[in-house]
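Q: Please take a close look at one part of this model. Pick a residue and show me its surroundings, then the charged and aromatic side chains.

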Amino acid sequence: MRRSWLALASGLFAALAQAQLMPADPEWREVEAPPPPAVTLEGLIPIEIPRSALRFGVDPASITLDADGIVRYVVVASSTTGAVNAMYEGMRCSTGELKVYARYNPGSGWVISRDPLWKSLQDAQYRHSLVIARSGACVGHAANRSPTQIARDLRSPVDSRFERTH
């Protein structure tokens, strides 16, 4: 009897482990990301990142929401010394993941990422993206309704739209 319980328990744990590795929607496919838009420093929506030496802002004109459910946007990071960089990111709210499609450097322009991978929003280097998710890009495990609504919510964040489980 004990052996059968052990076999059942190990089978259950194996099934749970396998379920965690499988994507939430095996039929989901990412559409091809449009090329990065022009970088602007005017009209950015400020994103408050506690204990950061950088200032972040999202370009509201760059926010898109495609049929694949990915919220894409340009986020600009600037330092107190005046250095400016930007990232063209895609956020998949359903899985709590982020992809960086390109990085912008003022001297060289956009540098497209080769084979960008989805990374967890919990990764420390993406604190700004987690704040963007929680402040308006995501509502629970789904993308917010529209680019206009995302921009509106980023301007007046509530920080409770995106579940803390991500």
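A: Start with E89, which is found in strand β5. Keep in mind that this is a predicted model. E89 is buried, yet it has no salt bridge. Its nearest side chain of opposite charge is R103, 6.3 Å away. A salt bridge needs the side-chain nitrogen within 4 Å of a carboxyl oxygen, so R103 at 6.3 Å does not qualify.

What does the side chain of E89 meet through polar contacts? One partner is the side chain of Y73, in a polar contact of 2.5 Å. Another is the side chain of S129, in a polar contact of 2.9 Å.

Now widen the view. Set aside the neighbours within four places in sequence. E89 is then in contact with V71, R72, Y73, V75 and L98. K99, V100, Y101, H128 and S129 are also on that list. Three of these names lead onward: R72, K99 and Y101.

Take R72 next. R72 is buried, because its relative accessible area is 0% and the cut-off for buried is under 20%. A search of the whole structure finds four salt bridges. One of them joins the side chains of E30 and R72, at 3.3 Å from N to O. E30 lies in the loop between α1 (2-21) and β1 (45-47), while R72 lies in strand β4 (residues 70-78), so this pair ties together parts that are 42 residues apart in sequence. E30 itself is partly exposed, with a relative accessible area of 27%.

R72 also meets D66 in a salt bridge, at 2.5 Å from N to O. D66 is partly exposed, at 26% relative accessible area. A further salt bridge links the side chains of D68 and R72, at 3.2 Å from N to O. D68 counts as buried, at 8% relative accessibility. Through shared partners, salt bridges join E30, D66, D68, R72 and K99 into one network. Both R72 and K99 are among the contacts of E89.

Follow Y101 now, another contact of E89. The count of aromatic pairs comes to four. In one pair, the ring centres of Y88 and Y101 are 5.5 Å apart and the planes stand at 45°, so the pair is tilted. Y88 lies in strand β5 (residues 84-92) and Y101 in strand β6 (residues 97-105), so the pair ties together parts that are 13 residues apart in sequence. Both Y88 and Y101 are buried.

Y104 and W110 make another pair. Their ring centres are 5.4 Å apart and their planes stand at 65°, so this pair is edge-to-face. W110 counts as partly exposed, at 21% relative accessibility. Y88, Y101, Y104 and W110 form one aromatic cluster.

One more ring deserves a look. R92 lies over the face of W28, at 3.5 Å from the ring centre.

Now put the picture together. E89 is buried without a salt bridge. Its side chain has polar contacts with Y73 and with S129. Among its contacts, R72 and K99 belong to the salt-bridge network. Y101, also in contact with E89, belongs to the aromatic cluster.

How values were computed:
Residues numbered from 1 in each chain as written. Predicted model: local features only at pLDDT ≥ 70, side-chain atom pairs only at ≥ 80, totals over all residues. Heavy atoms only, no water. Phe/Tyr/Trp six-rings, centres within 6.5 Å; stacked < 30°, edge-to-face > 60°. Helix = DSSP H or I, 4+ residues; strand = E, 2+ residues; numbered from the N terminus. Buried < 20%, exposed > 50% of the residue type's maximum accessible area, 1.4 Å probe, protein only. Lys NZ or Arg CZ within 6 Å of the ring centre and 35° of its normal. Lys, Arg positive; Asp, Glu negative; His and termini not counted. Polar contact = N/O pair within 3.5 Å; in protein donor to acceptor, adjacent residues only side chain to side chain. Contact = heavy atoms within 4.5 Å.
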